[in-house]
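User: I'd like to learn how to read a structure like this one. Could you walk me through it, feature by feature?

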Amino acid sequence: MNVVFELATAQAKQCIDLTERVREVVERSGVQAGLCHVMVLHSTAAIVVNEFDDPNIGRDLLTALDRAVPDHAGWLHDRIDANAHAHIKAAVLGPSELVAVRDGALVLGTWQRLLLVELDGPRTRQVSVSVV
C-alpha cells in the first residue's frame, strides 16, 4: 500500500510530528508484519526519527544544523535559488526513514517519533508512506 499526503508547513524551518498520520496508514494497510517507508518528496526537507515529546529537541536540531551549515554562506546554488543551505541540510539528514511493522503497528521506541524537518518553508509538502 502506498499513500501520499500533503502537509502545509508554517515556518521557514520547523519540525513536524508525522507519527500519528503514518500510524493511520499502517493500520489501514492491514499489514501485520513488514516495513513502513516514509519519504518526503522534496529536496529541501527531510524525514528523521527522534524524540518530540519535548519540542525543544526539534528547535535544537534546527539550531545545530544552522551552525553546521549556515544560510547564505557563499553557496554556489544561492546564485540560482538562495536555498542551498536547505538542500545541504536535507542531504545530511536524508529524505526517508524505514520503520518495522509488528502486530500491525510501527516499531518505535518509547520516545521515538517520525518527524518532517522543514528547511525551506513555508511550503506544501508531499509525504509518501509505503507499507509492505
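**Reading the fold, starting from a loop**

Analyst: Let's start with alanine 82, which sits in the loop between H2 and H3. Keep in mind as we go that this is a predicted model.

User: Okay, what is the phi of alanine 82, and is the residue buried, partly exposed or exposed?

Analyst: Phi first: alanine 82 has a positive value near 60 degrees, although the residue is something other than glycine. For exposure, you look at relative accessible area: under 20% is buried and over 50% is exposed, with partly exposed in between. Alanine 82 has 38%, so the residue counts as partly exposed.

User: Which other residue has a positive phi although it is not a glycine?

Analyst: Histidine 72, with a phi of about 50 degrees. Histidine 72 is also in the loop between helix H2 (56-68) and helix H3 (84-93). At the other end of H3 there's a glycine: glycine 94 follows the helix, and its phi is positive, near 100 degrees.

User: Since we're at H3, which of its residues are buried, and what covers them?

Analyst: The buried ones are Ala84, His85, Ala86, Lys89 and Ala90. Their cover includes H2 and strand E4 (45-51).

User: Let's zoom out. How many helices and strands are there, and in what order do they run?

Analyst: The protein has 3 helices and 8 strands. Read from the N terminus, the order is β-β-α-β-β-α-α-β-β-β-β.

User: How do I read the sheet: which strands form it, and in what order?

Analyst: Don't go by strand number alone; go by who pairs with whom. Here 5 strands make an open sheet in the order E1-E8-E3-E5-E6, with antiparallel pairing. Strand E1 (2-8) and strand E6 (105-106) are the edges: each has a single partner strand, so one side of each has no neighbour in the sheet.

User: How many bridges hold each pair together?

Analyst: Let's take three pairs. E1 and strand E8 (residues 124-131) are joined by 7 bridges, antiparallel. Strand E3 (residues 33-40) and strand E5 (residues 96-102) also run antiparallel, with 7 bridges. E3 and E8 pair over 5 bridges, again in the antiparallel sense.

User: Which residues can I click on to see that register for E1 and E8?

Analyst: Try asparagine 2, which stands opposite serine 130 in E8, then alanine 8, which stands opposite threonine 124 in E8. Methionine 39 is a handy one too: its bridge partner in E5 is serine 96, and it also stands opposite serine 128 in E8.

User: And which side chains of E1 point to the buried face?

Analyst: Look for alternation along the strand. In E1, Val3, Phe5 and Leu7 point to one face and are buried, whereas Asn2, Val4, Glu6 and Ala8 point to the other face and are not buried.

User: Where is there a cis peptide bond?

Analyst: Check omega. Glycine 121 and proline 122 are joined by a cis peptide bond, with omega about -5 degrees. Proline 122 lies in the loop between strand E7 (112-118) and E8.

User: Where is glutamate 20, by the way, and is it buried, partly exposed or exposed?

Analyst: Glutamate 20 belongs to helix H1 (residues 19-29). Its relative accessibility is 42%, so it counts as partly exposed. If you want to compare sequence with space, glutamate 20 and alanine 100 are 80 residues apart along the chain, and their C-alpha atoms are 15 Å apart.

User: What about the whole molecule: what is its radius of gyration, and how much of it is buried?

Analyst: The radius of gyration is 15 Å; a compact globule of 132 residues would come near 14 Å, so the two agree. The C-alpha atoms fill a box of roughly 50 × 30 × 20 Å along the principal axes. Buried residues are 42% of the 132. Of the contacts between residues at least 6 apart in sequence, 82% join residues at least 24 apart.

User: Last one: what does the surface look like in terms of area and charge?

Analyst: About 7,000 Å² is exposed, with carbon and sulfur atoms supplying 52%. For charge, count 12 positive and 17 negative side chains; the centres of those two sets are 3 Å apart.

Definitions and conventions
Residues numbered from 1 in each chain as written. Predicted model: local features only at pLDDT ≥ 70, side-chain atom pairs only at ≥ 80, totals over all residues. Heavy atoms only, no water. Helix = DSSP H or I, 4+ residues; strand = E, 2+ residues; numbered from the N terminus. Rg over C-alpha atoms; globule rule 2.2 N^0.38 Å. Buried < 20%, exposed > 50% of the residue type's maximum accessible area, 1.4 Å probe, protein only. Contact = heavy atoms within 4.5 Å. Areas by Shrake-Rupley, 256 points an atom, 1.4 Å probe, with all protein chains shown as cover. Lys, Arg positive; Asp, Glu negative; His and termini not counted. Charge placed at Lys NZ, Arg CZ, Asp CG, Glu CD. Pairing = 2+ DSSP bridges.
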